[in-house]
Protein chains: 2
Amino acid sequence: MEVNIRPIGRVHSPYKSREEIKEIAKENIIGEIEIFSEFGKGLKDIEGFSHLWILWIFHLSKGSPLQVTPRTEKNLKKKKLRGVFATRSPNRPNPMALTLVELLEKKGNVLKVRGIDAIEGTPVVDIKPYVQSDKKDKARYGWCEEIDFK
Amino acid sequence: MEVNIRPIGRVHSPYKSREEIKEIAKENIIGEIEIFSEFGKGLKDIEGFSHLWILWIFHLSKGSPLQVTPRTEKNLKKKKLRGVFATRSPNRPNPMALTLVELLEKKGNVLKVRGIDAIEGTPVVDIKPYVQSDKKDKARYGWCEEIDFK
């Protein structure tokens, strides 16, 4: 069984290439999510939410190794291979990305958002609201707890 | 541009049909995510995380209206149509679901989890860890703030 996923919009981003996205968690990058006009009616009520999940395609993903060294750990003296499902790596069996952004403004079919980590032109396949049950106050973050995010 | 998504595993759930999933946020339902053996190595390190995002396919999704009445609002006297991207409705342009579960145990390629809201046999397409930046302390939840979740 396979499923065909089609873009509903695209990212407009100050990042123009993969190389420009070198660090994780640049939370302040502002960009836009342009939703194609035929899906515009699906944006009704979205302005009530401060944060949105953007599902997009890692369209430049290279291969799908099952274990990877996360970019946050690339500078460690002792490199570690992590299971890809324990990372947000772009190189994974299905090239699906999940980014949480802050919605700043809605202008027609264009959402101005903070927290873009995709490059210009990236295909967007879904938007979902960030809801109360997405906030877990008590969580363990595995290997990410050892990382000094800058 | 279209992208083919293939299952990496499947859900084992006490829910056997759509009709059995009538209410949102039954957070205590326990089930399993079985990852197919060829993807098993991708689960390394996952046990360090208390919560996981499960991306799965609404394989029984019916159509893709751009505006829907969320099931939490079906009993309101005055029904409201919400933009589908402001809801987690299963009927959407791309039938992608996003569920946050608590990881209880890992046994080989099977993850025992709490928070299943998919039916038996649902195709799973990705697993991602719940990381620190997924927790937003100050968020607005739009129309969901008006709902009395039970």
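Two strands are taken to pair if DSSP finds at least two bridges between them, and strands themselves are DSSP runs (E, at least two residues), numbered from the N terminus. On that footing, chain A holds a closed barrel of six strands in the order β2-β3-β8-β7-β4-β9, with antiparallel pairing. The twist from one strand to the next averages 45 degrees, where axes are lines fitted to C-alpha atoms and angles run from 0 to 180 degrees between N-to-C directions.

This is a predicted model, in which local features need pLDDT of at least 70, side-chain atom pairs count only at pLDDT 80 or more, and totals for chains, interfaces and linings use all residues. Residues are numbered from 1 along each chain as its sequence is written, and chains are lettered from A and ligands numbered from 1 in the order in which they are written. For chain A the pLDDT (the predictor's confidence in each residue, from 0 to 100) averages 89, and 94% of the residues score at least 70. The complex as a whole receives an ipTM of 0.92 and a pTM of 0.92 from the predictor.

Within the barrel, β7(A) (residues 96-107) and β8(A) (residues 110-114) pair in the antiparallel sense over five bridges. Here Lys107(A) stands opposite Val110(A).

Turning to the two copies, chain B superposes on chain A by a rotation of 180 degrees with 0.0 Å of shift along its axis, at an RMSD of 0.0 Å. The copies are thus related as by a two-fold rotation axis; the fit is by least squares on the C-alpha atoms of residues with pLDDT of at least 70 in both.

The contact between the chains, counted where C-beta atoms placed from the backbone lie within 7 Å, takes 58 residues from chain B and 57 residues from chain A. On the side of chain B that touches chain A, β9(B) gives the most, with six residues. That side divides into 32 nonpolar, eleven polar and 15 charged residues, with Ala, Val, Leu, Ile, Met, Phe, Trp, Tyr, Cys and Pro as nonpolar, Asp, Glu, Lys and Arg as charged, and the others, Gly among them, as polar. Because 98% of the interface residues of chain B are also interface residues in chain A, the copies meet through the same surface. Strands also pair across the two chains: β1(A) (residues 3-5) and β1(B) run antiparallel over three bridges, and Asn4(A) stands opposite Asn4(B).

Methods
Contact = placed C-beta atoms within 7 Å. Helix = DSSP H or I, 4+ residues; strand = E, 2+ residues; numbered from the N terminus.
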